[in-house]
Amino acid sequence: MVTAATVLQEAAPVTKAAPSPVKTAWKGYEKVLFRIAFIFFIAISIPNTPEWYAQLIALDWRHLNYRDLYDIARFGSGINFFGNKIFGTSLLGYANWLTTVLIATGGGLLWTWIVKLRKTERAEYFGLYYWLRVVVRYRAGIGIIGFGFTKLLPVQMPYPSLGILNTNFGDLTAQKIYWLSIGIVPWYQIFAGVVEVAAGTLLFFRRTTTLGAILLAAALGDIVYVNFAYDGGVHVYSSYFVLLAGFLLVNDVPNIYRLLVQEKPVVPVNYYPVFNRAGKALRIGLKSFTIFLFLGVLFYLQLINFLYDPYKQPAVAGVKVLRGNYNVTEFRINDQVIPYNPLDTVRWQEATFENWSTFTFRVNKPHPLDLSNGGGDPQRDVNRTFEITGLAGGQRAFHYYADEVEHTLYLEDKYKAIPDRRNRTAGVGGDGGTDVNLGNDKTPAVTRNDKDERQQEDWIPAAARKNIGDEYGKIASIALSARRKRDYAAAPKNEKRQRFVVQYQTTDGNHVILTGTDENKNRLYVVLDRVDRHYALTPSSLQAGKY
Amino acid sequence: MDITSQTGAESRWNAPEKTAFRILFVYLLLQVLPLDWKFYSYLGKVDWPELAYQDIFNLARYTTRFSAGPAAFTDWGIIFGIAVVAGLIWTYRDAGRTDNYDKLYYWLRVLVRYRLALAILAYGFIKFFPLQAPYPSLSSLNTPYGAFNRWKLFSLSLGIVPSYELFLGLVEIVTGLLLLHRKTASIAAFIFLIFCGNIFMSNLAYEGGDTVYSLYLITLALFIFSFDLLRVVRLLVLQLPTAPNNFRPSFTGGWKVGRVALKSAFVLFFVLIYGVKTGTGARKDPYQYPTAKGLAAAAGLYNVSTYVLNGDTVTYSPSHPKRWQNVVFEEWNTLSIRSNEPVLLDSNNAHLVPKADTGKRYESEGTNGRHYYSYVIDSVHQRLLLSNRNPHYQHDVFVLQYSRPSAGRVVLAGITAAKDSVLAVLDKLPKKYLLEEAAKGEGRLRKLKL
């Protein structure tokens, strides 16, 4: 099918003095290095977890979610037979790389030994080098495009919710502050996405590979540093692209140095295999398919996600009349009035109803925090926790199911002691989840019992469920996907959350009375009065989601 | 005057190339040389024996402009107009007497390279010693996220990670140094284009005040990089054999010495002296925050446990139009008050590098979350003389009597500028900031209750 023949660029003499720098045979050490690099980069470019293959096979191509393609483009790689530690340390997450290097070195030396022994040593590896570059180019290309599209259609870093806007700057983690600082300027996020997608696209073509690699190294090099500085948790994955880009640059950096710094003529050596008809067709076909899937289809899916279902922020619209900022003018618990006092540890201080189905309030009391970056791929709104991750200051956030007929809200805490596992296919260097939500937590799990779970299941009466409707279908039908359906169907397992139910009375939303029972079975009577906060921060014209 | 001879073959330029070059030459000369009196008036005001890093920065930051205001694109237009006229006259006068402008091109590139290096080094050092975006003040930590504008949030977000700011500064310094050498200039210009392209986009997105200036620097870098652009495209994209630049200046006699001397002087002044001055300035004289000390051992966040307004005690209320909700004493002489009284935003977003405390408005700029007062302590009479830091409130000046009955308590009493009599009992809060707590130990990878 593919015949690989050496076609070297002819060494046109530029000046008579310059000797032809084109070499046809490789030096011994170059060949050894290449063999090591070959094993290393192949190992680091292919998925190393069964989950990735399982998800690929299970894909419902007729009802795709953007995350399905994202998960194809993002996977754990490298040799991890021995776990993700080496000499008992994870090396900040890089242990897997070191293991892979050691094994690749062993393999490379073994390879050298065998060819020497069998006397089958080749003069050069132009052909294999070409194909290795193809693998790395496409690995880096689709990876960065998957990453870049969540910025190009700005959902990776959402605009802050009202609850976040009202949180003091010092009550946020560094990671949160960085992500918010991009979230407040969606047009800039798009720019960053364009750079990443452009870098990936350039890697699909041989002639633009070096430009793509330079762009990739520059953009992701900065992101590596950002992740270290802000404790962002994606330092390994971003370094991964810098590593791949570095490999792709090995070909041209010496040429640039020679041309610009040494001011000597350069004859570039670029080996391209010659294909027969079938080979040509196969090459064009595979390439077109990749471009169609990761630039065409992924763009469409990401657009749908941006418009109707921005992945980090809840997608279901909240009760229209209630949305906004509120002062808690009156607060009674078990019929006892508690006057406003910023130091009180029971009384709510301020409350918000977001555009989506989240209710927040602030209590001056320490709460267990979720310090993950709120990423991953949760489909259910209650698991989309960007509003509470990396944020303190006594803020609590509840997802609610609204029975608008009976004016009743069924609220459940967005904080969950044992969060769901996220980024199943991403492996090491996933979205920076904490140990707790990566499932590596050593502390014993909160014990569950059947009685708890039964209570959990019927906390919303059947009549109310009928009024509330099925949350799965509450977004635009064009955005419904097989993945969403699956996650909603599997929902009630391991759902141990604080819950409470309130009735709301209001005419126009300016004055709201909530009555009910809080999560600790206390009687609640709360009066909320809408307040107009004069934010200095002006929102962008570009808003994700439909509410 | 022929101060350089060249080794390597001479090139021939065609007529349009020559005309374009003449216009570009005049245009860039006017852009990079300080040719108007405003520059020299600042130069005249500099206290040379007591030269401060702020002076060097402000001089380096200067661009040719025709109005009193900040640099604008209209200045570019005027300069371009002059350049076209001058270039055409030059073309008329030259009338085919020159084969090429290789030498002049070389010298123009030298000027632009040094101008750009100067600009980058000036910014590089105030980032390397994290001065440009300082760590947020206590007041900022106790201000809601939404009470800052975009530009301020950008600056605060950088301010929380001095190590990242240092890294960005280092990139700028290295780029600046690479620009000083002919052979590495194109590489440096390319790195700078990527780097400053991002700065320019940030200025647009965050409504920063350096849009014109950053684009100005981009045009200089583009000019420097354009020298090798075709070669790089030919080598990397077309993948064809490529010949290097063949113009090599060779300096002889006095010029040889002069070149080394000038280059050394530049490095000595703008790298060594400026670097050292910025480094000591970072410790003793940061330009964003005042240097005057505040009330001793008072820094912190205070709850306003009692508030008496015109003789009436006002209970806690988040909606009272005047009641103070909390107060911050900074390490320096700033006191900030959170209340429901609206604040007119000081929306200055231009990057100013002031020397005197009075010009240091960074803490109150870009936020409407608190009222900022600078104060002078009269310890004999136990008084604080307050004046509002926000230029919208220049008449908000008054005196408060202070007493400190215990370590964590401050009592303030007096008549405000609005003629209200106030008495406030302030109690220090043991506030822990997630920003700092989460950075301890294993960082975010653990359980935290706060």
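**Helix crossings and a chain contact**

Modeller: In this predicted model, L24(B), L28(B), Q31(B) and V32(B) of helix α1(B) meet Y216(B), L220(B) and F223(B) of helix α10(B). By class, that contact has six nonpolar, one polar and no charged residues.

Colleague: Why are α1(B) and α10(B) called oblique to each other?

Modeller: Their axes cross at roughly 135 degrees. Roughly perpendicular ends at 115, and roughly antiparallel needs over 145. The angle falls between those limits, so α1(B) and α10(B) are oblique. The axes come within 12 Å. The crossing is left-handed.

Colleague: What makes α3(B) and α11(B) oblique to each other?

Modeller: Here the axes of α3 (residues 53-60) and α11 (residues 253-284) of chain B cross at roughly 130 degrees and come within 9 Å. Again 115 and 145 are the limits, so α3(B) and α11(B) count as oblique. Y53(B), I56(B) and F57(B) in α3(B) meet residues of α11(B), including F269(B), F270(B) and K277(B). By class, this contact holds six nonpolar, two polar and one charged residues.

Colleague: How do you know that E263(A) and R248(B) meet in a salt bridge?

Modeller: Their side chains lie 3.3 Å apart, N to O. The cut-off is 4 Å, so the pair qualifies. The count between chain B and chain A is three salt bridges.

Colleague: What area is buried between chain B and chain A?

Modeller: About 6500 Å², of which carbon and sulfur atoms give 65%. Y145(B), Q239(B) and R444(B) supply 15% of the area that chain B buries against chain A, more than any other three residues. The contact takes 71 residues from chain B and 83 from chain A.

Methods: Residues numbered from 1 in each chain as written. Chains lettered and ligands numbered in written order. Predicted model: local features only at pLDDT ≥ 70, side-chain atom pairs only at ≥ 80, totals over all residues. Heavy atoms only, no water. Axes fitted to C-alpha atoms, helices over the stretch in contact; angles between N-to-C directions. Helix = DSSP H or I, 4+ residues; strand = E, 2+ residues; numbered from the N terminus. Parallel < 35°, antiparallel > 145°, perpendicular 65-115°, else oblique. Contact = heavy atoms within 4.5 Å. Nonpolar A, V, L, I, M, F, W, Y, C, P; charged D, E, K, R; others polar. Left-handed = near helix turned anticlockwise from the far one by under 90°. Buried area = accessible area lost by both parts, 1.4 Å probe.
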